[in-house]
Amino acid sequence: MARGVTQEQVNGAIEQLLLAGERPTIERVRATLGTGSPNTLTRMLDVWWQGLGERLTAQRRSAAIPEAPAAVVDAASALWEAALAAGQAHAEAAVAPERAALAEALAAMESTIATERAAAEAADRARQAAVAAAEGSQAALAISDQRVSDLLRQIAQLEVRIQDLTLRGDALDARLQLTLQEAESARTAAAAERSALQAHVRQVEDRSHAEIDRLRQEVKGLKAQAESQVRERATALRAAEQARRTAETDAQRAQREAATLRGRLDALLETPPAKPGGAAKQSRREPPPKARAQRPARRTTGRRTP
């Protein structure tokens, strides 16, 4: 139960239910409070029921002597209860003989009534059994008549159905024969078509094999040609590489010779002019530097041509 719910709250909820004309139950008390576990509410409801008699007695005493002290009310109530008990005992003693006689007469009457009731019930059971037997016989007869009618109707339906099935069987036999003939014709045509297809497939396979052989030879030739071209290209590349290296070597040598000739030319330019006869002899013995510098270039050009 939720914290805060007390016995006073449960008592208030029970009183609200009683004022509304409803019997206090665990579910109704819990619905009124809006909380509370069933176990706790059950215990508090038992406490309320246990104190109900005491509360009713106190309320009755207060109503009998309004505004009287509690001690006076208790004494008067005790005296009144004693008087009621004594009067009830005297009355019971006075009516005891008559009560015994009435009890005996009532027992005899009840015995007679029970005997007559048993006889009436037996007769009623016998009548009901007879009526039930008659109704059962009539029902059985009606059921038998209905079953006979149903059987006759079923027999007629079965005869009609047998005739229908017979006609359908004849039609199915005719269709079966026609279907067998068509199937035989289709089988013959399929066999002929299969033979023709097999011959065509063999021809196609033969042509395919021949074409494959031809293509294989062509591929072989192309492969050999490609390999030859690769070898030739490799040879040409090697020759070109060798020519490039030779040209680079010639170019380097020509550069060195040109540098040498340039140095000699610079030296000649710095030398004083010689005699005419000596210069002529020197020109006849040694070619000009420019002509000697051009000779390696012609050799290099001739080597790069291949």
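**A chain of helices: questions and answers**

Me: Which residues does the UniProt annotation "coiled-coil region" cover?
Reply: The annotation comes from an unreviewed UniProt entry. Its positions are given in the numbering used here, its feature name is shortened, and such annotations may be inferred rather than shown by experiment. The residues covered by "coiled-coil region" are 141-175.

Me: How is the model numbered, and which pLDDT do side-chain atom pairs need to count?
Reply: Residues are numbered from 1 along each chain as its sequence is written, and side-chain values use heavy atoms, with hydrogens and water left out. This is a predicted model in which totals for chains, interfaces and linings use all residues, local features need pLDDT of at least 70, and side-chain atom pairs count only at pLDDT 80 or more.

Me: How many helices and strands does the chain have?
Reply: Helices (H or I, at least four residues) and strands (E, at least two) are DSSP runs, numbered from the N terminus. Along the sequence the pattern reads α-α-α-α-α-α-α. The count is seven helices and zero strands.

Me: How far apart are the end C-alpha atoms of residues 141-175?
Reply: Residues 141-175 are the span that the UniProt record annotates. In the model this span is 100% helix and 0% strand. Its end C-alpha atoms are separated by 50 Å.

Me: What percentage of the 306 residues in the chain is buried?
Reply: Buried means under 20% relative accessible area, exposed over 50%, and partly exposed in between (1.4 Å probe, protein chains only). Of the 306 residues in the chain, the buried share is 9%.

Me: What span should helix α1 have at 1.5 Å a residue?
Reply: The expected span of a helix is 1.5 Å times one less than its number of residues. Helix α1 has 13 residues (7-19), and its end C-alpha atoms are 18 Å apart, which agrees with the expected 18 Å.

Me: Which residues of α1 are buried, and what arc do they cover?
Reply: The buried residues of α1 are Q7, V10, A13, I14 and L17. They lie on the same side of α1, because the arc they cover around the axis (taken from the directions from the helix axis to the C-beta atoms) is only 125°.

Me: Which exposed residues does the face of α1 turned away from its buried side carry?
Reply: The buried residues of α1 pack against α2 (26-33) and α3 (38-50), with contact meaning heavy atoms within 4.5 Å. The face turned away from that buried side carries the exposed residues E8, Q16 and L19.

Me: Is E15 buried or partly exposed?
Reply: E15 lies in helix α1. E15 and V29 are 14 residues apart in sequence and 9.9 Å apart in space, C-alpha to C-alpha. With a relative accessibility of 46%, E15 is partly exposed.

Me: Which residues form the aromatic pair?
Reply: Rings of Phe, Tyr and Trp (its six-membered ring) pair if their centres lie within 6.5 Å; planes under 30 degrees apart count as stacked, over 60 as edge-to-face and the rest as tilted. A search of the whole structure finds one such pair. With 5.0 Å centre to centre and 80° between the planes, the pair is edge-to-face, and its members are W48 and W49.

Me: Which salt bridge partner does D124 have?
Reply: A salt bridge is a side-chain nitrogen of Lys or Arg within 4 Å of a carboxyl oxygen of Asp or Glu, and the structure holds ten. D124 and its partner both lie in helix α5 (residues 70-270), three residues apart, about one turn of the helix. At 2.7 Å, N to O, the side chain of D124 meets that of R127.

Me: How far apart are the closest N and O atoms of E184 and R187?
Reply: E184 and R187 both lie in helix α5, three residues apart. E184 is partly exposed, with a relative accessible area of 39%. The closest N and O atoms of this salt bridge are separated by 2.4 Å.

Me: Which of R253 and D250 is buried, and which is partly exposed?
Reply: The side chains of R253 and D250 meet in a salt bridge of 2.6 Å, N to O. Being three residues apart in helix α5, R253 and D250 are separated by about one helical turn. R253, with a relative accessible area of 28%, is partly exposed, whereas at 3% the buried residue is D250.
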